[in-house]
Amino acid sequence: MRVVLLGTAAGGGFPQWNCACALCAAARAGELPSRTQECAAVTGNGRDWWLLNASPDLRTQLIATPALWPGPGPRATPLRGVLLTDAEADHVAGLTELRGAVGLKVYAPPTVRAVLAPVRAALDRYTTWEWADSLGDGGFVLAGGLVVTAHPVGVKIPKYVPAQVPGPAAPWVTAYRIEDLASGGVLVYAPCVGAWSPALDELCAEADCVLLDGTFYADDELGTAVRSGAWQGATGHLPVTGPDGTLAAIARHLGVRRIYTHLNNTNPLLDPASPARARVAEEGVEVLPDGAELVL
Ligand code: MLT
Ligand code: MN
Ligand code: ZN
């Protein structure tokens, strides 16, 4: 299995267009690597590729990745579809960029499919796609020899959803376990994690690589208004550090390749020279640039 990290920043990207913080200024000055919004691509056979989420930066990301270029026919594409973990704007806005492609298959949890109904109706006027339930019993198999299961990891509802939206109950946020039948390699893709669970721990224990939510380094990163108690409701992302942080959780899985992604523009991990980066590296956990490729 090959995995390309198309983008590694949280919503807004890095630098964020309307942020003048020191980190964003350093990225604008070329002193820190810029990052596009979180999105990845995966293949089992090198010919059939699947997107993991669809970021608003998708067009730029596809153009920067030769494996995803079209051809040999004038409209042929190696892209077969998209696996959505959640319905956040930074994970679904790129779907509309794909409206020129016919026959894509989009997997998503029932909550996400329901809330995207207007987007689906709009896309139906451009093209013919198949929408499938990612949480269906037994998981699903993707062209290219990948076996996938989805797992609930959060209940955060996107801000754009009206408070009393009728429809399926939680989960709103999921992670994917993706196994390559040929190599036996297992990827756990969890760019949004609102709650750590024994089930997620088990998934990590049996993975070769975990791509994990690294949105915030500390739970007060957005300012004192957002404190631990209100943390999950406020942001839906576990912080890296602290007693309930993800670093302590994944420190238990030493043999697994662990990579933080979906970094917010406030996160000191964006600076390779920061003490935060040194701390995470000490635990054997990686932060990789956009475009990085993994083989499992
Ligand atoms: C998130 O990951 O929590 C969202 O992308 C935040 C947002 O609305 O940008
Ligand atoms: Mn996000
Ligand atoms: Zn900033």
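Q: What makes the side chain of Asp-90 a partner of ligand 1, and how far is an oxygen atom of ligand 1 from an N or O atom there?
A: An oxygen atom of ligand 1 is 2.9 Å from an N or O atom in the side chain of Asp-90, and this counts as a polar contact because the term covers a pair of N or O atoms within 3.5 Å (within protein, one must also be able to donate a hydrogen and the other to accept it, and residues adjacent in sequence count only if both atoms are side-chain atoms). This is a predicted model, in which local features need pLDDT of at least 70 and side-chain atom pairs pLDDT 80 or more, while totals for chains, interfaces and linings use all residues. Residues are numbered from 1 along each chain as its sequence is written, chains are lettered from A and ligands numbered from 1 in the order in which they are written, and side-chain values use heavy atoms, with hydrogens and water left out.

Q: Which distances separate an oxygen atom of ligand 1 from Lys-156 and from His-237?
A: A polar side-chain atom of Lys-156 lies 2.7 Å from an oxygen atom of ligand 1, and for an N or O atom in the side chain of His-237 the distance is 2.7 Å.

Q: Why is the site of the zinc ion (ligand 3) given the name it has, and what are the angles among its 4 donor atoms?
A: The donors, which are N, O and S atoms within 2.8 Å of the metal (3.2 Å for Na, K and Ca), are Cys-19 (SG), Cys-21 (SG), Cys-24 (SG) and Asn-265 (OD1), at 2.2 to 2.5 Å. Four donors count as tetrahedral if all angles lie between 85 and 135 degrees, and the angles here are 92 to 125°, so the site is tetrahedral. For comparison, ideal angles for four tetrahedral donors are 109.5 degrees.

Q: Why does Cys-21 count as buried, partly exposed or exposed?
A: Buried means under 20% relative accessible area, exposed over 50%, and partly exposed in between (1.4 Å probe, protein chains only), so Cys-21, at 25%, counts as partly exposed.

Q: Why does Cys-24 count as buried or exposed?
A: Its relative accessibility is 0%, and therefore Cys-24 counts as buried.

Q: Which residues coordinate the manganese ion (ligand 2)?
A: Two OD atoms of Asp-90 and NE2 of His-262 coordinate the manganese ion, at 2.1 to 2.8 Å. Asp-90 and His-262 are 172 residues apart along the chain, and both are buried.

Notes:
Four donors count as tetrahedral if all angles lie between 85 and 135 degrees; four count as square planar and six as octahedral if opposite donors are over 155 degrees apart and all others between 65 and 115; anything else is irregular. Helices (H or I, at least four residues) and strands (E, at least two) are DSSP runs, numbered from the N terminus.
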